Amino acid sequence: MQITLHAPLDMHLHLRDGKMLKTVAPLSAKSFAAAIIMPNLVPPVSTIEEVVAYKKRILAVTEDEGFEPLMTLFFKDTYDFAFLQKAKKHIHAIKLYPAGITTNSEGGVSTIDSDALATTLQAMSDLDIPLLIHGESNGFVMDREKEFIPVYEELSQKFPKLTIIMEHITTKDSVEALHRYPNLYATITLHHLLITLDDVAGGMLQPHLFCKPIAKRPEDQKALLEVALNAHPKVMFGSDSAPHPQSAKESCGCAAGVFTAPIALPVLAQLFEEEGKLENLQAFVSDNAQKIYAYTSPKKEVTLEKKPFLVPKTHGTVVPMYADQEIAWRIKSVSL
Ligand code: DOR
Ligand code: ZN
């Protein structure tokens, strides 16, 4: 059995910088036509010069793969219309982090007050720049995403023309919120389709499955699967593949992030096939995103086949999901 995907896209990806970038970027570039690149470097990517230079560094390590890095800026309430007008030709979105909520987000927004942020948000709306949000409060860890929903509601109502993307949703409540506002969309990761909190902490603690937002309950996983497997037009694939060195994961004070880049497409094929929904994978992994972002991807065809593949133990210093385990699908060929 095999499937050919046209221009698979990863709409939420962490590539880091330096040596780590060199290790991980080719793994995504091999199987994806393009990806939305997260700006949470140290310091965060927040000027046009930084966007341009980071894009250049990504292209330098992914050349010949036919991969387009879709750049983002780290949200600042100082961005005004004149700045964003200049930035627009270099970026595809702006990512808003509540301050301190996750890895390298210290420079994020301390209070998400739609009036205080109105100048930037209105300019984004006028210029058709999507707003991507890491939607978590600083409350109890299992309730953070639910507590953030009123913020999405307020923003969606106040800025009805702004495309707002709830990044890496993990709960049934988020799926329901998605349906209530026409300008609200979501990315869904592979790992949140596959695991619940039980897989992370129900037995021996699994640091390589620890991420933000943390995996939730079986009913949440079911709600995510329902919209993803049916390729609901408001959801799209965003891996949130977030590499950290093995030493930072297997340590007291484990860094948040699951590294799925090398296995993302084959395991998505495996999941969609097992659930009898392989025909919907193209929409989930490309078509929906192209419509939501009004983006046309360059041509790239990736053929996956159902043949066992042993996942490497590590890529450089990073341990991938399913390390040293067999998965049922593999990449057969890629044509540009
Ligand atoms: O688990 C996560 N890791 N969640 C995020 O939001 C950030 C990411 C990272 O950059 O490591
Ligand atoms: Zn992320």
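Student: How far is an oxygen atom of ligand 1 from an N or O atom in the side chain of Asn40?

Tutor: Quick housekeeping: this is a predicted model, where local features need pLDDT of at least 70, side-chain atom pairs count only at pLDDT 80 or more, totals for chains, interfaces and linings use all residues, and side-chain values use heavy atoms, without hydrogens and water. Residues are numbered from 1 along each chain as its sequence is written, while chains are lettered from A and ligands numbered from 1 in the order in which they are written. Thr102 has a polar side-chain atom 3.1 Å from an oxygen atom of ligand 1. For Asn40, the distance is 2.9 Å.

Student: And how much of ligand 1's accessible area does the protein cover?

Tutor: Thr103 also has a side-chain N or O atom 3.1 Å from an oxygen of ligand 1. On its own, ligand 1 has 290 Å² of accessible area (Shrake-Rupley method, 1.4 Å probe). The share covered by the protein is 99%.

Student: Which side chain of opposite charge is nearest to Lys95?

Tutor: Lys95 sits in strand S6, residues 93-96 (strands are DSSP E runs of at least two residues, helices H or I runs of at least four, numbered from the N terminus). Lys95 is buried, which means under 20% relative accessible area (over 50% is exposed, in between is partly exposed; 1.4 Å probe, protein chains only). Lys95 has no salt bridge (a side-chain nitrogen of Lys or Arg within 4 Å of a carboxyl oxygen of Asp or Glu). At 5.7 Å, the nearest opposite charge belongs to Glu167.

Student: So which side chain makes a polar contact with the side chain of Lys95?

Tutor: A polar contact is a pair of N or O atoms within 3.5 Å; within protein, one must be able to donate a hydrogen and the other to accept it, and residues adjacent in sequence count only if both atoms are side-chain atoms. At 3.1 Å, the partner of Lys95 is Tyr97.

Student: How many residues apart in sequence are the parts that Asp17 and Arg57 tie together?

Tutor: Asp17 and Arg57 form a salt bridge, with their closest N and O atoms 2.7 Å apart. Asp17 is in the loop between strand S2 and helix H1, and Arg57 is in helix H2, so the pair joins parts whose separation in sequence is 40 residues.

Student: Which residue links up with Asp115 and Lys158 in a network of salt bridges?

Tutor: Lys158 and Asp115 pair up, their closest N and O atoms being 3.1 Å apart. Lys158 is in helix H5, and Asp115 is in the loop between S6 and helix H4. The other network member is Glu154.

Note on methods: Lys and Arg count as positive and Asp and Glu as negative; His and the chain ends are not counted.
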